[in-house]
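User: I would like to learn how to read the contact between two chains. Where should I start?

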Number of protein chains: 2
Amino acid sequence: MPFADLPTPCLLVDLDRLEANAAAMRARALRLGVRLRPHVKTHKVPEIARIQHGGVAGPITVSTLAEARAFAAVGFVDLCWALPLPAGRAAEAVALAEAVDRLVLLVDSPEAVGWIAAAARPGGRRIPVALKVDCGGRRAGVDPAGDEGPAIAARIAEDPRLEWAGLLTHAGHAYACRGPAEVEAVACQERGALLALAARLGRAGLPCPDLSLGSTPTLVHAEDLAGVTEVRPGNYVFFDAFQAAVGSCRIEDCALSVLCTVIGRHPARAALVLDAGALALSLDPGPRHVDPGCGFGAVFDTALAERCGALRIAALSQEHARVEVRGGLPPGAFPLGTRLRIVPNHACLAAACHPVHHAVRAGRVVARWVPVRGW
Amino acid sequence: MPFADLPTPCLLVDLDRLEANAAAMRARALRLGVRLRPHVKTHKVPEIARIQHGGVAGPITVSTLAEARAFAAVGFVDLCWALPLPAGRAAEAVALAEAVDRLVLLVDSPEAVGWIAAAARPGGRRIPVALKVDCGGRRAGVDPAGDEGPAIAARIAEDPRLEWAGLLTHAGHAYACRGPAEVEAVACQERGALLALAARLGRAGLPCPDLSLGSTPTLVHAEDLAGVTEVRPGNYVFFDAFQAAVGSCRIEDCALSVLCTVIGRHPARAALVLDAGALALSLDPGPRHVDPGCGFGAVFDTALAERCGALRIAALSQEHARVEVRGGLPPGAFPLGTRLRIVPNHACLAAACHPVHHAVRAGRVVARWVPVRGW
């Protein structure tokens with residue numbers, strides 16, 4: 001089926017670009033000598049995770065237990081749940097960890113170590129537990145220079161029900177950067193935080209089996225990951241308008257788009273209305289720190305070949321996008337019914353809006369993928 | 001089941017508040033002498049639409065064909081699709097219009113009139129078509145003072161395949177108001193735009209069977225709707241932090257909340273982390289024009305009785321909320337595992353994030369509702 005015949009709004013995944021992005025990151029991980037454990041929260045689609053691993057169900061990172069269960073059910077049995085374990089979900093997490101090859105759980109508190117140990121079956125498999133380190137994002141994780149990290153690590157290592165898995169960090173603050181030079185500084189900080197805490201732990205007799213890091217911006221610029229064992233980028237498989245603005249990719253690398261239709265033309269106020277609103281694109285404001293006028297996504301023709309540079313998505317309501325046309329709306333331009341593709345600001349959030357991903361190649365829908373949902 | 005035992009994050013609908021909000025709007029519509037056609041886009045749950053009508057499948061407004069089909073399948077047969085008809089969806093819309101009692105389609109262009117007429121079955125039922133009027137929101141609709149409106153209306157009325165249904169408007173710009181006085185001015189504009197165009201059409205021999213308006217802010221303050229036949233509020237059934245800020249309701253009227261768990265405590269930086277991120281709350285920035293420091297939702301205890309006024313949701317990532325604690329995080333306050341409820345900034349967008357609504361009363365889950373999704 002030609003994708004141009006799909007009802008709008010709908011989500012399109014450009015397979016050529018997706019495969020190229022996947023192959024590039026696989027090659028990069030290989031060259032840098034690190035295990036690639038892509039974060040599947042970006043798409044939540046098992047078929048895409050297989051493409052990320054060149055066709056096999058390789059190691060993955062998940063953001064929810066719902067993802068972990070659904071991916072495990074279709075053969076992904078080497079998992080890491082990269083969220084500080086919530087109290088009350090330890091029993092479910094441990095039960096899943098016993099059912100797969102490996103599910104690493106993440107903690108940044110002594111309490112969470114206790115919950116996992118208490119949920120582990122006596123005499124059962126040791127549950128792998130990693131320590132979350134804050135490398136500067138100031139969201140979750142222990143201070144790599146503080147005393148809490150070594151104390152928690154020792155507690156994990158001492159408990160016979162647990163397996164000490166090592167350190168994990170995520171440079172979320174890379175998204176505040178304005179270009180590659182700033183991202184490289186954050187990447188240095190990301191790796192530095194891991195290595196510094198690992199060195200302290202090593203001196204205390206507790207070597208780290210794994211040192212895991214990753215965000216798409218820091219990884220696409222990484223040239224030296226000595227000491228690091230694993231990377232967990234997610235967004236790179238799609239990329240998006242944000243990543244292009246901060247220099248992680250070219251806009252023509254973006255593999256995810258929302259197909260939409262012009263449903264309103266208002267020449268008097270130089271405006272169009274599209275049928276892709278906040279429920280089709282998400283309300284992510286985009287890279288305003290780089291481009292204050294960026295709007296809610298980048299508008300392209302249906303081939304994703306030409307950017308409609310005059311069109312700025314000024315506002316989103318639930319099912320409408322309000323588009324400003326710079327320089328005015330000439331007669332005959334963008335007639336009602338025109339199809340456009342929007343490269344979203346934030347691919348992860350936009351993808352989560354949609355019940356189906358349409359994989360497209362050479363103008364045709366070649367597969368329909370259903371993402372996991374919920375928690 | 002006590003809702004406190006639910007895995008988090010999850011969506012809770014407080015039934016007492018929902019029923020009170022529904023009853024108040026029903027009473028208001030009755031008193032003002034207008035038909036209530038609630039916009040179900042807010043929840044997309046047939047059970048809630050029945051509560052809005054006091055137990056019956058009354059008239060509803062939908063934002064998508066998916067909603068129209070799903071609600072029609074469970075007995076809602078008097079529908080209005082309040083989106084300017086997208087080219088390419090006319091055949092589906094007309095087919096549904098022939099299968100239900102009444103489905104009003106909306107246009108703001110002569111082209112869309114032509115698509116509907118072309119899709120109508122020769123000799124089949126006349127398809128009701130309403131004209132969308134722009135009352136100042138400058139999103140969709142014709143200028144009520146311009147020539148385009150009467151031309152489109154005449155074209156609808158002349159076509160034997162179509163039924164002229166009247167005028168419809170929506171004061172979306174009410175959301176930019178800072179309080180009741182400004183909202184009342186917008187409400188006056190909303191009704192005035194309809195009445196003015198209806199008067200012009202009447203003088204031209206084309207009376208309007210229906211004059212339909214509505215947004216939650218303008219309707220909760222409406223005292224006089226003379227001439228109007230129908231109202232289409234949606235958000236009022238839940239309300240949210242935004243509506244409370246602009247004076248549509250009290251914060252204690254809000255019926256929708258997201259139950260979450262404290263998964264991180266960082267006293268050194270006076271911060272908490274909650275397991276409700278952008279995929280559980282949406283990224284709606286909230287009423288920043290009224291309260292620049294509002295954050296991404298209002299945090300409450302589990303009973304929704306006490307607002308945690310010191311907690312500000314400063315940032316959301318996909319599955320984390322980063323909370324600033326004003327005045328510092330005292331030892332023992334908000335321990336890991338604490339359950340909290342967040343009244344979202346924008347109930348419609350937050351509700352759409354969740355695969356299930358948990359209806360709760362007296363601390364227990366009394367029903368699980370599955371919303372419609374997609375387009």
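Analyst: Start with the axis, for which one definition is needed: copies are superposed by least squares on the C-alpha atoms of residues with pLDDT of at least 70 in both. Note that this is a predicted model.

User: How are two copies of a chain related in general, and what turn lays chain A on chain B?

Analyst: Two copies of a chain are related by a rotation about an axis and a shift along it. Here a turn of 180° with a shift of 0.0 Å along the axis lays chain A on chain B, at an RMSD of 0.0 Å. That is the relation of a two-fold axis. Within chain A, the residue that comes closest to the rotation axis is A:Leu283, at 2.7 Å (C-alpha). Both copies use the same surface, since 100% of the contact residues of chain A recur in chain B.

User: How much area do chain A and chain B bury between them?

Analyst: The size of an interface is often given as the accessible area lost when the parts come together. For chain A and chain B the figure is about 4,600 Å², with 59% of it on carbon and sulfur atoms. On the side of chain A, the residues that lose the most area to chain B are A:Arg139, A:Arg373 and A:Trp375, together 19% of what that side buries. The contact takes 50 residues from each of chain A and chain B.

User: How many salt bridges and polar contacts are there between chain A and chain B?

Analyst: The count is 4 salt bridges, and 23 residue pairs are in polar contact across the interface. A:Glu319 forms a salt bridge with B:Lys44, with the closest N and O atoms 3.9 Å apart. By class, the side of chain A that touches chain B has 22 nonpolar, 14 polar and 14 charged residues.

Methods
Residues are numbered from 1 along each chain as its sequence is written. Chains are lettered from A and ligands numbered from 1 in the order in which they are written. This is a predicted model: local features need pLDDT of at least 70, side-chain atom pairs count only at pLDDT 80 or more; totals for chains, interfaces and linings use all residues. Side-chain values use heavy atoms; hydrogens and water are left out. Contact means heavy atoms within 4.5 Å. Buried area is the accessible area (1.4 Å probe) that two parts lose on being put together, summed over both. A salt bridge is a side-chain nitrogen of Lys or Arg within 4 Å of a carboxyl oxygen of Asp or Glu. A polar contact is a pair of N or O atoms within 3.5 Å; within protein, one must be able to donate a hydrogen and the other to accept it, and residues adjacent in sequence count only if both atoms are side-chain atoms. Ala, Val, Leu, Ile, Met, Phe, Trp, Tyr, Cys and Pro count as nonpolar, Asp, Glu, Lys and Arg as charged, and the others, Gly among them, as polar.
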